[in-house]
Amino acid sequence: MKYLLLRRITQISILTLFLISNLYGLKILQGNLSSSMIFGTIPLSDPFAVLQLFLASFTLASSAALGALIVVLIYALIAPRAFCAWVCPVNIITDFARFVRVKFGYDKDKKVVVFSKSFRYYILAFVLFMSVVMQTPAFEGVSFIGIIQRGIIYGGTLWIFVAFGVFAIDAFVGDRLICSKLCPLGAFYATIGKFAFIRVEHDSQNCTKCMKCKVICPESQVLGIIGKESGLITSSECISCGRCIDVCGDDALKFSIRNLRRK
């Protein structure tokens, strides 16, 4: 479970740096995941929030624009939806909800809420449209991601109730409903990550078609080539979590760099 451990270390370390920097005034990583500053000089901004802000007012501060551009370039070039698996604290909650769901057999219950994978893109479009109509960032005021991450960093109690609500929905209402079906931020990062370099690579010669990877994958629709052909997982809906690699006992999956390595 190498990648699972690395992800948890990364997620917790980022939140810890925010806590320490904000609590003691250290200029390491001040702010939060929506807007932050590295070493007091490099701005980072949530590009989805900045886009909503721009659509709401058609004006934008230069620091917010620069911070958003930096983040977009990082996630657009490195790996698709890396934010979702390696940074977002909600991922910890939904992964635990998935564990509980499987443990108590709720994953076998067919009478659950079902949404298509494309539904999150409709929500994304609706959020952007409403930002223009309402002249305010439509998702930011109700963002469960924002409430949870700011609550962890700055304290308070509201985030605990929101986090429990997220857990309960994924554990008892619908399988992987929050991150894989409803989250517009995940849809946004999937959109900008279409040309990211780091991808999961499949070796069909090693594959025994056990399908453990598809069972564990939060976006199993991206693994269409498993057991059929060798190649890269090209869909940007992959969250680059590495769980499929962790559970593969055939050495048929690994991270690779697209278009840079000759066969």
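**Exercise 1.** Determine how many bridges join strand β4 to β6, and in which direction the two strands run.

*Solution.* Step 1: locate β4, which covers residues 198-202; strands are DSSP runs of E with at least two residues, numbered from the N terminus. Step 2: count the bridges to β6, which number five, and note that the two strands run antiparallel; two strands pair if DSSP finds at least two bridges between them. Step 3: for one position, isoleucine 198 stands opposite isoleucine 257 in β6.

The model is predicted: local features need pLDDT of at least 70, side-chain atom pairs count only at pLDDT 80 or more, and totals for chains, interfaces and linings use all residues. Residues are numbered from 1 along each chain as its sequence is written, and side-chain values use heavy atoms, with hydrogens and water left out.

**Exercise 2.** Establish the strand order of the open sheet that contains β4, and identify the edge strands.

*Solution.* Step 1: the three strands lie in the order β5-β4-β6, with antiparallel pairing. Step 2: β5 (231-232) and β6 (253-257) are the edge strands, since each pairs on one side only.

**Exercise 3.** Trace the connections from β1 through β2 to β3.

*Solution.* Step 1: β1 (residues 29-31) and β2 (residues 35-38) run antiparallel and are joined by three bridges; in one of them, glycine 31 has serine 36 of β2 as its partner. Step 2: a hairpin through three residues joins β1 to β2. Step 3: four bridges link β2 to β3 (residues 42-45), again antiparallel, and serine 35 is partnered by serine 45 in β3. Step 4: β2 and β3 also form a hairpin, with three residues between them, and phenylalanine 39 in the turn has a positive phi of about 50 degrees.
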